[in-house]
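Reader: I would like a close look at how the interior of this protein is packed, taken slowly and with the terms spelled out as they arise.

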Amino acid sequence: MTEEITHAAGAAAGEAPAPAPELDEVTRDMIAALEGRAAFYDLLASIYYRPLTSEQIDSIANLDWSEYEDMNELFAEGANDVCRYLRRRHSGTRQELAVDFTSAFAGTQSWKGRYAVPYESVHTSEEGIMFQDAYHEVYRVFKENHVAKAEGYDFPHDHLSFMCEFLAVLSGRIADALAAGDDAKALEQVEVSRAFLADHILSWFDTFQGVALYLIQTRFYRGIPKISKGFFLEDAELLASIAVELEARLSPDKE
């Protein structure tokens with residue numbers, strides 16, 4: 001749903017790439033965590049974008065949730081909701097979830113005049129509508145970081161799906177920088193990620209979740225915001241720990 005805008009400077013055709021440095025265990029662990037982080041952001045992006053297909057529902061049902069069981073209590077509670085619902089899936093599950101998604105996240109129903117559509121502008125502007133300050137801020141951040149919506153995706157940039165994909169893109173950039181031995185570039189992308197997560201997701205997600213839980217009917221979708229918030233909180237901690245490691249490496253006092 002989003003794509004990187006690359007630049008050719010310093011990457012002429014036929015130019016041999018620099019040999020990759022040998023990576024220490026800490027760096028390998030950080031890269032593995034970043035790859036897992038990107039994959040989960042991609043999953044969240046697909047869940048919030050449109051009603052799930054039967055194939056997506058089966059894929060989520062077959063996820064090995066045990067690898068996330070120690071994340072935090074909120075994530076575990078949401079995962080329990082999702083797993084319990086999907087254990088009892090049947091021929092009507094896809095339609096049941098599609099109706100629930102549409103009534104809540106697509107904005108066909110409201111609670112006390114408020115909607116649970118996943119746009120930052122709706123939950124941060126006085127008017128409660130799209131294309132407000134948050135939209136322009138997110139568009140600016142995407143542009144500054146050479147990321148754009150892929151063609152054919154017409155939702156505003158501050159849709160939660162696009163923002164999750166943006167963080168997945170940045171996660172890949174951090175991992176690539178670490179693999180290339182460029183700690184300074186990795187730290188730069190970590191700080192962009194930390195600021196974006198705090199300013200453009202965590203800043204309004206509680207408000208969105210509060211409205212959504214009044215509209216959602218299925219246990220599956222009641223679990224998704226819990227999983228999301230638990231993951232966002234854990235991700236903030238992961239990014240902070242990576243930043244500490246990289247700052248220590250780049251410190252002029254390091255021997």
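Author: A nonpolar core is here a set of buried Ala, Val, Leu, Ile, Met, Phe, Trp, Tyr and Cys residues joined through side-chain atoms within 4.5 Å, where buried stands for under 20% relative accessible area, with a 1.4 Å probe and protein chains only. The model is a predicted one, in which local features need pLDDT of at least 70 and side-chain atom pairs count only at pLDDT 80 or more, while totals for chains, interfaces and linings use all residues. Residues are numbered from 1 along each chain as its sequence is written, and side-chain values use heavy atoms, with hydrogens and water left out.

The largest nonpolar core holds 68 residues, and the members that touch the most others are Phe-220, Tyr-221 and Phe-232. At least two residues of this core come from each of the helices α1, α2 (54-61), α3, α4 (93-104), α6 (133-144), α7 (160-179), α8 (183-215) and α9, helices being DSSP runs of H or I with at least four residues, numbered from the N terminus. Among these contributors α7 gives the most, with 13 residues.

Phe-232 repays a closer look, since, once its neighbours within four places in sequence are set aside, its contacts (heavy atoms within 4.5 Å) are Tyr-41, Leu-44, Leu-160, Cys-164, Leu-197, Ile-201, Leu-202 and Phe-205. Leu-44 also appears in the lining of the largest cavity, together with Phe-40, Leu-43, Ile-47, Ile-60, Trp-65, Val-82, Ile-224 and Ile-227; a cavity is a set of points on a 1 Å grid over the protein atoms alone where a 1.4 Å probe fits but cannot get out, and lining residues have an atom within 4 Å of a point. Helices α1 (25-49) and α9 (219-250) each supply at least two residues of that lining, and the largest share, 4 residues, comes from α1.

Within α4, the buried residues are Thr-93, Leu-97, Ala-98, Asp-100, Phe-101, Ser-103 and Ala-104, and they pack against α1, α2, α3, α8 and α9. The end C-alpha atoms of α4 lie 17 Å apart, which agrees with the 16 Å that its 12 residues should span at 1.5 Å a residue, the expected span being 1.5 Å times one less than the number of residues.

As a contrast to these buried positions, Arg-84 belongs to helix α3 (residues 73-87) and, at 43% relative accessibility, counts as partly exposed, a class that runs between the buried limit and the exposed one of over 50%. The C-alpha atom of Arg-84 is separated by 36 Å from that of Val-138, 54 residues apart along the chain.

How values were computed. On a 1 Å grid over the protein atoms alone, a cavity is a set of points where a 1.4 Å probe fits but cannot get out, and a pocket is an open set with protein on both sides within 12 Å along at least five of seven lines; lining residues have an atom within 4 Å of a point.
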